[in-house]
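Thank you for making time for this one today. I would like to walk through a structure that may be new to many of you, so please have the sequence and the model open as we go.

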Amino acid sequence: MTYLLLACRMAIGLTFLVSLASKLRGRESWLRFADATARLLPARPGALRAERRHALATVVVVVEGAVVVLVTVPATTSAGFAVALATLAAFSFVIHAAIRRGLAVPCHCFGGRKLPVGPADLARNTLLGLITLTGLALTVLVPVRGPAELAGAAVAALAALLVTVLVVLTGEIADLFGLTRESR
């Protein structure tokens, strides 16, 4: 179970790190993300002024950074999973509301994706939520039995990397198979 917990920690940490880095890699990335964040909120169009958009985007980035740090440190792993779970629930609520309102807004969750949010994003968040719940359950129910062996840790890292790549590319994979609104 130690390696499954390690894989969960790595997958959630890497996913949130990629998301965080994609938003902070440059001015244009930040502006696209801040604008998309404001447009996705279930509020009146134009209700958020520019300074509030940046404040809201900053909160998202700080929370994502907190998840990365918390799941990395063994003593705070359960707190990291709890914050990640709450964050994923909030993201899913906003995405679901945007889909119901028929908004065609890309979330810029992992960079410059042009496709609007859709069911694939909810499926991605559900998968991440299941990984997070698994990790949280393991931190609470299973005592860690000392340091991990290198081979087991390497397999856990490869599994986490594979999951992270698939999660980051969820929108593109859905589009490839004709599962997005834009690909139909």
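Before I name any neighbours, one term has to be fixed: when I say that two residues touch or are in contact, I mean that they have heavy atoms within 4.5 Å of each other. Please also keep in mind throughout that what you see is a predicted model.

Let me begin with the overall picture. The protein chain has 184 residues, of which 40% count as buried, and its secondary structure comes to 7 helices and 0 strands, so that, reading from the N terminus, the order of elements is α-α-α-α-α-α-α. The accessible surface comes to about 9900 Å², and 71% of that surface belongs to carbon and sulfur atoms. If we take the contacts between residues at least 6 apart in sequence, 73% of them join residues at least 24 apart.

Now to the interior. The largest nonpolar core has 16 residues, and the members that touch the most other members are Ile 12, Phe 16, Val 67 and Phe 81. Two or more residues of this core come from each of helix 1 (2-24), helix 3 (50-72), helix 4 (77-100), helix 5 and helix 6 (150-168), with helix 1 giving the most, namely 5 residues. To take one of those well-connected members, Phe 16 is in contact with Glu 64, Val 67, Val 68, Ala 84, Thr 87 and Leu 88, once its neighbours within four places in sequence are left aside. Apart from this core lies another one, of 10 residues, which includes Cys 107, Cys 109, Val 117 and Leu 122.

Two further residues are worth a pause here. Gly 80 sits in helix 4, and with a relative accessible area of 0% it counts as buried, because the limit for that word is under 20%. Beyond the residues up to four places away in sequence, Gly 80 touches Val 67, Leu 70 and Val 71, and its C-alpha atom is separated by 9.1 Å from that of Ile 12, although the two are 68 residues apart along the chain. Thr 132, for its part, belongs to helix 5, which covers residues 119-141, and it is buried as well, with a relative accessible area of 1%. Which residues does Thr 132 touch, not counting those up to four places away in sequence? They are Ile 12, Phe 81, Ala 84, Leu 85 and Leu 88.

Let me turn next to a pair of helices. In general, two packed helices are described by the angle between their axes and the distance between the axes. Helix 1 and helix 2, the latter made of residues 27-40, pack at an angle of about 110°, with their axes 6 Å apart, and they are therefore roughly perpendicular to each other, since angles of 65 to 115 degrees count as such. On the helix 1 side the contact involves Ser 22, Lys 23 and Leu 24, which meet Ser 29, Trp 30 and Phe 33 in helix 2; by character, the residues of this contact divide into 3 nonpolar, 2 polar and 1 charged.

Also in helix 2 we find Ala 38, a residue that is buried at a relative accessible area of 13%. The C-alpha atoms of Ala 38 and Ala 57 are separated by 8.2 Å, with their positions 19 residues apart along the chain.

Finally, I would like to look at two places with some exposure. Leu 103 lies in the loop between helix 4 and helix 5, where it counts as partly exposed at 24% relative accessibility, and from C-alpha to C-alpha it is 8.1 Å from Val 117, a residue 14 places away in sequence. Glu 172, in helix 7 (residues 170-176), is likewise partly exposed, at 37% relative accessibility. The C-alpha atoms of Glu 172 and Lys 114 are separated by 9.7 Å, while the two residues are 58 apart along the chain.

That is the tour, and I am happy to go back to any part of it.

Definitions and conventions. Residues numbered from 1 in each chain as written. Predicted model: local features only at pLDDT ≥ 70, side-chain atom pairs only at ≥ 80, totals over all residues. Heavy atoms only, no water. Helix = DSSP H or I, 4+ residues; strand = E, 2+ residues; numbered from the N terminus. Buried < 20%, exposed > 50% of the residue type's maximum accessible area, 1.4 Å probe, protein only. Areas by Shrake-Rupley, 256 points an atom, 1.4 Å probe, with all protein chains shown as cover. Core = buried A, V, L, I, M, F, W, Y, C linked by side-chain atoms within 4.5 Å. Axes fitted to C-alpha atoms, helices over the stretch in contact; angles between N-to-C directions. Parallel < 35°, antiparallel > 145°, perpendicular 65-115°, else oblique. Nonpolar A, V, L, I, M, F, W, Y, C, P; charged D, E, K, R; others polar.
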